Amino acid sequence: MDAKAFGDEIITVRPQEATETLQNLPYFIGVSEQTAGSKGLSLSFIVIPPGAVSEAHEHDGYESAIYVLEGEVETRYGEYLEKRVINRAGDFIYIPPGLTHQAFNMSETQPARALVARNDANDVEKVILSQPSA
């Protein structure tokens with residue numbers, strides 16, 4: 001939908017089904033240019049199924065802020081995915097532009113869920129899959 005069509009209205013978005021992403025995770029697009037006419041931000045909901053691992057990737061030119069709602073996730077990051085951080089429900093996470101990272105749900109039985117905000121209204125289109133150096 002054309003962003004001009006949204007005008008000066010409050011927009012409610014209720015995603016009914018997940019969009020499969022290049023990261024290979026279910027992604028529910030909330031606020032974006034396409035859904036709400038946003039110009040400079042997006043807000044979505046992501047699910048990492050039990051035992052699932054995202055593809056190693058980076059975000060081209062935009063920052064990500066994540067709030068973990070439930071679960072425990074290990075994120076490997078860096079040129080060789082040599083650095084690691086574990087985040088759990090209640091954690092806020094910042095990922096700078098261009099940083100290669102890969103998320104692992106540490107539970108084999110429970111999904112991890114998080115809200116993801118980005119300073120790009122078309123963030124899904126600017127994901128770059130990475131081949132970390134060996």
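The exercises below, each with a worked solution, concern a cavity and the salt bridges of a predicted model.

**Exercise 1. The cavity and its lining**

Find how many cavities of 30 Å³ or more the structure holds, and work out which residues and strands line the largest cavity.

Solution.

Step 1. The structure holds one cavity of 30 Å³ or more, and the space in the largest cavity comes to about 290 Å³.

Step 2. The lining of this largest cavity is made up of 23 residues, and those that lie nearest its centre are Ile46, Ile48, Ile66, Ala103 and Val116.

Step 3. At least two residues of the lining come from each of strand 3 (42-48), strand 4 (57-59), strand 5 (64-70), strand 6 (72-77), strand 8 (92-95), strand 9 (101-105) and strand 10 (112-118). Strand 10 supplies the largest share, which is five residues.

Step 4. Sorted by class, the lining of the largest cavity contains 12 nonpolar, eight polar and three charged residues.

**Exercise 2. The pair Arg88 and Glu72**

Determine how the side chains of Arg88 and Glu72 meet, and explain which parts the pair ties together.

Solution.

Step 1. Side chains of opposite charge can pair when their charged atoms come close.

Step 2. Between the side chains of Arg88 and Glu72 there is a salt bridge with an N to O distance of 2.5 Å, which is within the 4 Å that the rule for a salt bridge requires.

Step 3. Because Arg88 belongs to strand 7 (residues 83-88) and Glu72 to strand 6, the pair ties together parts that are 16 residues apart in sequence.

Step 4. Arg88 has a relative accessible area of 43% and is partly exposed, and Glu72, with a relative accessible area of 29%, is likewise partly exposed.

**Exercise 3. A network of salt bridges**

Starting from Glu74, trace which residues are linked in a network of salt bridges, and decide whether Glu74 is buried or exposed.

Solution.

Step 1. Glu74 forms a salt bridge with Arg76, in which the closest N and O atoms are 2.6 Å apart.

Step 2. The side chain of Glu74 also meets that of Arg84 in a salt bridge, at 3.1 Å from N to O. This pair links distant parts of the chain, since Glu74 lies in strand 6 and Arg84 in strand 7, 10 residues apart.

Step 3. Glu74, Arg76 and Arg84 are therefore linked in a network of salt bridges.

Step 4. Buried means under 20% relative accessible area, so Glu74, at 13%, is buried, whereas Arg76, at 23% relative accessibility, counts as partly exposed.

Key: Residues are numbered from 1 along each chain as its sequence is written. This is a predicted model: local features need pLDDT of at least 70, side-chain atom pairs count only at pLDDT 80 or more; totals for chains, interfaces and linings use all residues. Side-chain values use heavy atoms; hydrogens and water are left out. On a 1 Å grid over the protein atoms alone, a cavity is a set of points where a 1.4 Å probe fits but cannot get out, and a pocket is an open set with protein on both sides within 12 Å along at least five of seven lines; lining residues have an atom within 4 Å of a point. Grid points are joined across faces, edges and corners, and a volume is the space filled by probe spheres set on the points. Helices (H or I, at least four residues) and strands (E, at least two) are DSSP runs, numbered from the N terminus. Ala, Val, Leu, Ile, Met, Phe, Trp, Tyr, Cys and Pro count as nonpolar, Asp, Glu, Lys and Arg as charged, and the others, Gly among them, as polar. Buried means under 20% relative accessible area, exposed over 50%, partly exposed in between (1.4 Å probe, protein chains only).
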